[in-house]
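Notebook open, structure loaded. I'm jotting down what I look up as I go.

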Amino acid sequence: QVRLESKKLPIIHHSKYVCELPANHRFPMGKFPRVLHFLLKDQVITEKQVWVPAIASKDLLSCVHTDDYLNKFLSGKTSEQEQRRTGFPWGTVLAAEAALQRGLACSTAGGTHHAFPGYGSGFCLLNDLAVAAKYVNSSSKKKVLIVDLDVHQGDGTAFIFKEEPAVFTFSVHCGKNFPLRKQESDLDISLEDGLEDEEYLSTEAHLPWLLQTFRPDLVLYDAGVDPHWEDELGRLRLTDQLYRRDLYVMKTTVNQGVPIATVIGGGYSRDLDKLALRHSIVHRAATQ
Ligand SMILES: [Zn+2]
């Protein structure tokens, strides 16, 4: 059982790594600092376990994104500080590196899987999963399995790696949800609206054979919480048993000796504390 108990707590700002967002940016990006807040507050982790990423360079991002798009994005109105507040994609690269060193690492952000090389889409400007996978593959020739359990298809990621044999994309998503036009992942599982815990968890069966046949050197796991029944954009009916899903993915991967880095992915609620707690399920499962 998961206990998501934190309530009515004052906002704590750790100036080292948490920034406050302007009110008009609170949906959906305001959740990122709150996830870390609850993880420290509920002693799921200690400050020593928090690694702080540096800002990503344009060189790194250009392994996935086009120069034209990056120039527009980087020379636009976004300051470095504003980019840092969005939490991606550099945190995912750091999580991948930390996972390769230590076996398991969990970001408190990331999962912007709808971004394509030349344009952003669906709250996603840059594709952190793709940048991290390419970075790991091109710097050390490692094979990467992307397990994307966000309720929306990882269409940008699927597109980016459709001709890349060293990166396997696996997406479990709600068929009728965004994006309407799906891309082709290496393995897509399309789910009906209103699916509940037990049926959903049965899709887990794909993971062991994927690990055994593809033999990745790293798994990038998008633990989106938008399949939750209370999510404002999801169309499934999962409960906090998302804990079992996350625990299963991490346990199965770690037990096969494969490093795994997790990102929080999608999750939409106007109640940011409730949402941040829901996103902290993956970190709570990771402590097991
Ligand atoms: Zn999503």
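At what angle do helix α5 and helix α6 pack, and how far apart are their axes? I looked this up in what is a predicted model. Helix α5 covers residues 90-102 and helix α6 covers residues 128-140; the angle between them is about 45°, with the axes 8 Å apart. That angle is neither under 35 degrees nor in the 65 to 115 range, so I put α5 and α6 down as oblique to each other. I also noted the handedness: α5 passes α6 in a right-handed crossing.

Next I pulled the residues that make this contact. On the α5 side I got T92, V93, A96, E97 and L100, and on the α6 side D128, V131, A132, Y135 and V136. Sorted by type, the residues of this contact come out as seven nonpolar, one polar and two charged.

Then I went to H228. I found H228 in the loop between β5 (218-222) and α10 (242-255). Is H228 buried or exposed? I have H228 at 2% relative accessibility, so it counts as buried. Skipping neighbours within four places in sequence, I list L236, L238, T239, D240, L242 and R278 as the contacts of H228. I checked L238 further: it sits 10 residues from H228 along the chain, and their C-alpha atoms are 4.5 Å apart.

Last, some whole-protein numbers. I count 12 helices and six strands. Of the 288 residues, 55% count as buried. The exposed area is about 13,300 Å², with carbon and sulfur atoms supplying 50% of it. For contacts between residues at least 6 apart in sequence, I get 72% joining residues at least 24 apart.

Key:
Residues numbered from 1 in each chain as written. Predicted model: local features only at pLDDT ≥ 70, side-chain atom pairs only at ≥ 80, totals over all residues. Heavy atoms only, no water. Axes fitted to C-alpha atoms, helices over the stretch in contact; angles between N-to-C directions. Helix = DSSP H or I, 4+ residues; strand = E, 2+ residues; numbered from the N terminus. Parallel < 35°, antiparallel > 145°, perpendicular 65-115°, else oblique. Left-handed = near helix turned anticlockwise from the far one by under 90°. Contact = heavy atoms within 4.5 Å. Nonpolar A, V, L, I, M, F, W, Y, C, P; charged D, E, K, R; others polar. Buried < 20%, exposed > 50% of the residue type's maximum accessible area, 1.4 Å probe, protein only. Areas by Shrake-Rupley, 256 points an atom, 1.4 Å probe, with all protein chains shown as cover.
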